[in-house]
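Colleague: Could you take me carefully through the largest pocket of this protein, and then through the parts that surround it? I would like the terms explained as you go.

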Amino acid sequence: MIGRNDPCPCGSGKKYKKCCANNEAVTTTVLFEEELEQVLDTMFANYPERQDHRALIEHFQGWIPTLHESLSRELVEAISIDDFFFHQRQDIWLGHLDKMMKNFVRPATLKVLATWRQPEMFVGQVVAVHETFIEAKHILTGATVFIRRETDKPIPVDMFVFAFLLPDRTLEENHFLAISTLIFISDAYAKVFKAYAKDFDGEDVFAFFAKNHLALWQKLVAAGYNGEEFTEKEASVVNDLQAFLTKQNLQAEKLVELVEDFLVEKQPKARKTEAISAGAVRFAQEHDFFGGQSFTIKEISEHFEISASSLNKYAQELAAYYAEKQA
């Protein structure tokens with residue numbers, strides 16, 4: 001065994017502890033994370049098996065009638081499949097978990113997998129966003145949990161978040177990771193979540209969600225939810241911007257992403273949402289998002305039916321936000 005103070009076998013002339021020891025630690029961490037990811041990826045790739053296909057189809061068909069007119073088929077499919085695996089047919093998940101545990105020997109991996117016996121549905125409100133985790137408050141119990149972030153995209157405080165969770169790989173108390181994609185829902189539906197939570201009488205949380213999962217989505221749909229993550233105003237900004245880009249035959253996905261992040265993170269309070277869309281166009285051409293194509297302030301103002309001063313205000317705010325992101 002190589003001692004930490006021994007010469008590194010790579011021939012660098014440095015001590016092992018100041019050379020490849022760190023690389024080995026990084027490699028071990030990466031392998032550990034890849035093994036955990038493999039458990040989740042193979043679950044959705046390999047299941048259900050043939051004998052369970054009919055049961056899954058019947059389960060999905062029970063969800064479609066009341067949701068399909070408002071939610072995309074992909075979203076209904078995703079949430080109903082999670083419900084099938086983690087509420088209705090836990091035996092499938094447990095069988096998969098047991099099978100995978102036989103393939104691994106790394107103690108750290110096995111220690112985490114031993115805590116993954118019962119995935120839990122979570123619905124809560126975001127109270128803070130940290131570098132690695134989202135801090136959220138459970139709508140039924142009031143407990144605070146930390147959910148590992150999937151991307152570095154901005155997440156507004158007060159949004160609601162839905163997911164099926166497993167203990168995080170760190171095994172820190174109240175720290176979790178999402179089995180599948182986190183779904184964020186605007187706080188415009190706060191009354192729906194409040195009414196849903198009122199039906200909880202202190203019984204077992206798992207049992208309540210297993211019994212009333214579909215009802216949550218039915219209540220949201222009845223209140224006008226259609227799968228959007230943005231508020232009505234935010235969606236209007238993005239839609240108006242995309243309509244302009246389409247009309248001018250411009251491809252600017254990065255601009256749209258930037259504007260979406262700006263709306264979420266900065267929460268601009270425009271009296272007319274068109275002013276933000278127009279400001280985005282002005283900002284974009286000044287920062288060469290359009291490959292040299294440009295429009296006069298008058299042309300932009302007339303298209304969005306707003307004043308030049310409003311347009312410039314949000315162009316400047318976007319420029320400041322862009323510089324902040326680039327720093």
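Modeller: What follows begins with the largest pocket and then turns to the domains, the remaining spaces and a charged pair.

The model is a predicted one, in which local features need pLDDT of at least 70 and side-chain atom pairs count only at pLDDT 80 or more, whereas totals for chains, interfaces and linings use all residues. Residues are numbered from 1 along each chain as its sequence is written, and side-chain values use heavy atoms, with hydrogens and water left out.

The largest pocket holds about 630 Å³ of space. A pocket here is an open set of points on a 1 Å grid over the protein atoms alone, with protein on both sides within 12 Å along at least five of seven lines, while a cavity is a set of points where a 1.4 Å probe fits but cannot get out; lining residues have an atom within 4 Å of a point. Grid points are joined across faces, edges and corners, and the volume is the space filled by probe spheres set on the points.

The lining of this pocket comprises 34 residues, and those closest to its centre are T181, L182, I183, F184 and E229. Two or more lining residues come from each of α3 (73-88), β6 (183-185) and α9 (253-266), the largest share being the seven residues of α3; helices (H or I, at least four residues) and strands (E, at least two) are DSSP runs, numbered from the N terminus. By class the lining divides into 21 nonpolar, four polar and nine charged residues, where Ala, Val, Leu, Ile, Met, Phe, Trp, Tyr, Cys and Pro count as nonpolar, Asp, Glu, Lys and Arg as charged, and the others, Gly among them, as polar.

Domain 1 (44-223) and domain 2 (232-326) each give at least three residues to the lining of the largest pocket, the bounds coming from an automatic or database domain assignment. The centres of the two domains, taken over C-alpha atoms, are 35 Å apart, and four residues of domain 1 are in contact (heavy atoms within 4.5 Å) with eight residues of domain 2. Between them the domains bury about 370 Å², 61% of it on carbon and sulfur atoms, buried area being the accessible area (1.4 Å probe) that two parts lose on being put together, summed over both. On the domain 1 side, K153, P154 and P156 lose the most area to domain 2, together 97% of what that side buries.

The second largest pocket has about 330 Å³ of space, and of its 14 lining residues E37, L40, R148, L177 and A178 lie nearest its centre. The largest share of that lining, five residues, comes from α1, and its classes are six nonpolar, one polar and seven charged.

The search of the whole structure also finds one cavity of 30 Å³ or more, lined by H87, E120, M121, V205, F206 and F209. Three of the lining residues of this cavity, the largest share, come from α7.

As for charged pairs, the whole structure has 10 salt bridges, each a side-chain nitrogen of Lys or Arg within 4 Å of a carboxyl oxygen of Asp or Glu, but the count between domain 1 and domain 2 is zero. One of the 10 joins R106 to E35, with the closest N and O atoms 3.3 Å apart. Because R106 lies in the loop between α4 (90-101) and α5 (107-113) and E35 in helix α1, the pair ties together parts that are 71 residues apart in sequence.
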